[in-house]
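Colleague: Please choose one part of this model and examine it closely. I should like one connected account of how that part packs, followed by some residues that put it in context.

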Amino acid sequence: MNEFSSCLKCGSQFPDPAARFCSLCGGRTLSSPKARRMGWLSLAAGILLVGTMTFIGLWLRFSDSTWEGTREFAAYGITLGAFMVAFGLVAAAAGIWQIRKGTRNKMLTYTTIALAVVMGAMMAGQYLIYGN
Ligand SMILES: [Zn+2]
């Protein structure tokens with residue numbers, strides 16, 4: 001596979017994977033081997049997360065346990081779970097993109113960050129309101 005580096009700022013690509021800075025805008029670059037390694041991590045984390053949430057969902061669906069918490073907390077758990085699945089899917093998609101292209105997909109990267117921020121805010125809000 002042809003290795004190269006790409007600018008994280010402007011997206012320009014250079015044939016030298018060892019280039020550390022973009023010669024056009026001076027931004028930091030990402031080498032394609034590193035992008036692919038990170039891609040595998042992102043893909044593995046995404047699959048793990050979606051798998052875990054699917055397992056929890058199925059377990060809750062088919063176990064005999066009855067819900068004893070509040071309706072608000074159940075709604076929170078379901079919403080957070082849905083966000084986690086979405087996060088896992090986007091992280092896996094971003095990972096596949098990086099493995100195949102050797103560079104980052106800005107939109108997927110930003111979507112992943114945005115979802116992480118929303119989940120963080122939800123968890124922080126829950127903690128502040130209910131203290132758990
Ligand atoms: Zn650049």
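Modeller: Two residues are taken to be in contact if their C-beta atoms, placed from the backbone, lie within 7 Å. The model is a predicted one, and the part I have chosen is helix H2, which covers residues 71–101.

I begin with the pairing of H2 and H3. Helix H3 comprises residues 106–130, and its axis lies 9 Å from that of H2, at an angle of about 160°. Because an angle over 145 degrees counts as roughly antiparallel, H2 is roughly antiparallel to H3. The crossing of these two helices is left-handed. On the H2 side, the residues that meet H3 are Tyr 76, Leu 80, Phe 83, Met 84, Ala 86, Phe 87, Val 90, Ala 91, Ala 93, Ala 94 and Trp 97. Their counterparts in H3 are Leu 108, Thr 109, Thr 111, Thr 112, Leu 115, Ala 116, Val 118, Met 119, Met 122 and Gln 126. By class, this contact of H2 with H3 has 17 nonpolar residues, four polar and no charged.

H2 also packs with helix H1. The axes of H1 and H2 are 7 Å apart and make an angle of about 155°, so H1 is roughly antiparallel to H2. This crossing, too, is left-handed, as computed for H1 and H2. The residues of the contact of H1 with H2 divide into 18 nonpolar, eight polar and one charged.

The largest nonpolar core has six residues, namely Phe 87, Val 90, Ala 91, Ala 92, Ala 94 and Trp 97. Among them, Phe 87, Val 90, Ala 91, Ala 94 and Trp 97 are also named in the contact of H2 with H3. Ala 92, for its part, touches Leu 43, Gly 46 and Ile 47, leaving aside residues up to four places away in sequence.

Ile 47 leads to the H1 side of the picture, since it lies in that helix. Ile 47 is partly exposed, as 15 other C-beta atoms lie within 10 Å. Its C-alpha atom is 24 Å from that of Ala 74, a residue 27 places away in sequence. Trp 40 is likewise placed in helix H1. With 13 C-beta neighbours inside 10 Å, Trp 40 is classed as partly exposed. Apart from residues up to four places away in sequence, Trp 40 touches Gly 95 and Ile 99. From Trp 40 to Ala 93, the C-alpha separation is 11 Å over 53 residues of sequence.

Is the residue Asp 64 buried or exposed? Asp 64 belongs to the loop between helix H1 (32–62) and H2. It is exposed, because 4 other C-beta atoms lie within 10 Å and a count of 12 or fewer gives that class. The C-alpha atoms of Asp 64 and Ser 31 are 51 Å apart, with their positions 33 residues apart along the chain.

A contrasting case is Ser 6, in strand S1 (residues 5–7). Ser 6 is buried, with 23 other C-beta atoms within 10 Å. Not counting residues up to four places away in sequence, Ser 6 touches Gly 11, Ser 12, Gln 13, Thr 29, Leu 30 and Thr 103. Ser 6 and Arg 28, 22 residues apart in sequence, have C-alpha atoms separated by 8.5 Å.

Methods
Residues numbered from 1 in each chain as written. Predicted model: local features only at pLDDT ≥ 70, side-chain atom pairs only at ≥ 80, totals over all residues. Axes fitted to C-alpha atoms, helices over the stretch in contact; angles between N-to-C directions. Helix = DSSP H or I, 4+ residues; strand = E, 2+ residues; numbered from the N terminus. Parallel < 35°, antiparallel > 145°, perpendicular 65-115°, else oblique. Left-handed = near helix turned anticlockwise from the far one by under 90°. Nonpolar A, V, L, I, M, F, W, Y, C, P; charged D, E, K, R; others polar. Buried ≥ 20, exposed ≤ 12 C-beta atoms within 10 Å, placed from the backbone. Core = buried A, V, L, I, M, F, W, Y, C linked by C-beta atoms within 7 Å.
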